[in-house]
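Thank you for making time this morning. I would like to walk through one structure with you, starting from a small detail and working outwards to the whole chain.

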Amino acid sequence: MTDVQVEDFEAHRPSLWAIAYRMLGSASEAEDVVQETWLRWQSASRDGVRSGRAFLSAVATRLCLDHLKSARARREVYVGPWLPEPVRTDTQVDPETISFAFLVLLESLTPMERAVYLLNEVFGYSHAEVAQMLDKEEAACRQLLHRARGHLVSRRPRFAPSKEAHARMVTSFLSACSSGDLEGIKRLLSEDVTAWADGGGKVSAATRLVQGTEAVARQYLGLLNKMMKVPGSALETSEVNGWPALVVRLNGAVFDVISFETDGEHIHAIHAVLNPDKLARL
């Protein structure tokens with residue numbers, strides 16, 4: 001392993017993690033995939049490797065596909081809704097494709113559809129490159145992409161025109177909850193709003209989706225007021241998965257991360273992650 005090969009891998013490490021995280025929805029598992037990709041890069045023959053980026057992306061994607069086979073069985077026995085592991089982000093990421101709303105939507109795709117869609121639409125690989133990376137015919141990859149687009153187009157998440165507009169919605173929601181303003185909360189929510197809560201069976205959380213303006217407004221009016229009365233609790237706004245979110249701390253440790261899907265006028269979905277295994281890295 002030469003210094004050039006090490007530098008080549010390190011240059012692509014961020015994009016490898018980005019692919020793996022979007023494929024798996026787990027930051028810790030994405031890092032495991034990147035590490036395994038590094039081990040395979042060390043032992044791989046360089047004969048025929050025209051692009052280190054494409055080769056490494058192919059290895060990482062195939063490792064993710066293998067991982068998702070076993071993950072499917074775990075998801076079937078998961079307690080309540082499953083949500084991605086939240087990650088703190090900065091201005092260097094694409095806020096739309098790392099958002100909770102987008103990652104949740106990707107769960108509606110098969111693993112292979114997800115791989116083809118991400119590699120082509122998000123990471124800019126050509127149809128021919130994707131086909132070679134996944135060892136499939138180009139026509140088959142085009143069909144997979146077509147199906148993936150069909151699944152996503154009618155349910156594509158709505159985004160605020162700016163992070164500032166998103167933050168104003170989050171602040172308004174928190175203010176209405178804190179002041180006990182039920183009607184104010186309802187005005188911020190869309191009619192078809194859905195609230196998700198991922199406790200993983202390890203902490204108390206709703207095990208079913210809560211839907212509709214009235215139900216979601218009453219749920220959060222009670223939840224946030226109850227949380228803030230717990231000794232040692234604190235609430236802050238922080239950028240998570242590309243957008244401002246609410247972070248609830250208990251004695252300094254992150255207890256809950258609440259993310260919002262909003263178009264800047266109404267909140268269409270709320271994703272709350274309470275599973276402590278998914279919050280340990282925050």
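Ala234 stands opposite Arg249 in strand S4, and that pair is a convenient way into this model, which, I should say at once, is a predicted one. Beside that pair, Ser233 stands opposite Leu250, again in S4. Both pairs belong to the ladder between strand S3, residues 233–240, and strand S4, residues 243–250, which pair in the antiparallel sense over eight bridges. The hairpin that S3 and S4 make has two residues between the strands, and in it Asn241 takes a positive phi near 50°.

If we now follow S4 to its other partner, we come to strand S5, residues 253–262, which runs antiparallel to S4 and is joined to it by five bridges. Arg249, which we have already met opposite Ala234, also stands opposite Val254 in S5. S4 and S5 form a hairpin too, with two residues between them, and here Asn251 in the turn has a positive phi of about 55°.

Is S4 largely enclosed or open to the outside? Seven of its eight residues are buried, so S4 is largely enclosed by the rest of the structure.

Let me stay with S5 for a moment, because Ser259, which lies in that strand, counts as buried at 6% relative accessibility, the cut-off for buried being under 20%. Leaving aside residues up to four places away in sequence, Ser259 touches Phe100, Val240, Ala245, Ala269, Ile270 and His271.

Turning from the strands to the helices, I would like to look at the cores. In soluble globular proteins, nonpolar side chains tend to be buried together. Here the largest nonpolar core has 47 residues, and among them Met23 and Tyr117 touch the most other members. Helices H1 (3–24), H2 (27–43), H3 (52–76), H4 (100–106), H5 (111–122), H6 (127–134) and H7 (138–153) each supply at least two residues of this core. Which of these helices gives the most to the core? That is H3, with 10 residues. As for Tyr117, and again not counting residues up to four places away in sequence, its contacts are Phe102, Leu106, Leu109, Val122, Leu145, Ala148, Arg149, Leu152 and Arg156. There is also a second, separate core of 27 residues, which includes Cys177, Val193, Ala217 and Ile258.

One annotation is worth mentioning with some caution: in an unreviewed entry, UniProt lists residues 101–152 as "domain: RNA polymerase sigma factor 70 region 4 type". In the model, the chain over residues 101–152 is 79% helix and 0% strand, and the C-alpha atoms at its two ends are 12 Å apart.

Finally, let us step back to the protein chain as a whole, which has 11 helices and six strands. Its C-alpha atoms fill a box of roughly 65 × 40 × 35 Å along the principal axes. Because a compact globule of 282 residues would have a radius of gyration near 19 Å, the 20 Å found for this chain agrees with that expectation. Buried residues make up 48% of the 282 residues, and the chain exposes about 13,600 Å², of which carbon and sulfur atoms supply 50%. Among contacts between residues at least 6 apart in sequence, 65% join residues at least 24 apart.

Methods: Residues numbered from 1 in each chain as written. Predicted model: local features only at pLDDT ≥ 70, side-chain atom pairs only at ≥ 80, totals over all residues. Heavy atoms only, no water. Pairing = 2+ DSSP bridges. Helix = DSSP H or I, 4+ residues; strand = E, 2+ residues; numbered from the N terminus. Core = buried A, V, L, I, M, F, W, Y, C linked by side-chain atoms within 4.5 Å. Buried < 20%, exposed > 50% of the residue type's maximum accessible area, 1.4 Å probe, protein only. Contact = heavy atoms within 4.5 Å. UniProt positions renumbered as here; feature names shortened; annotations may be inferred. Rg over C-alpha atoms; globule rule 2.2 N^0.38 Å. Areas by Shrake-Rupley, 256 points an atom, 1.4 Å probe, with all protein chains shown as cover.
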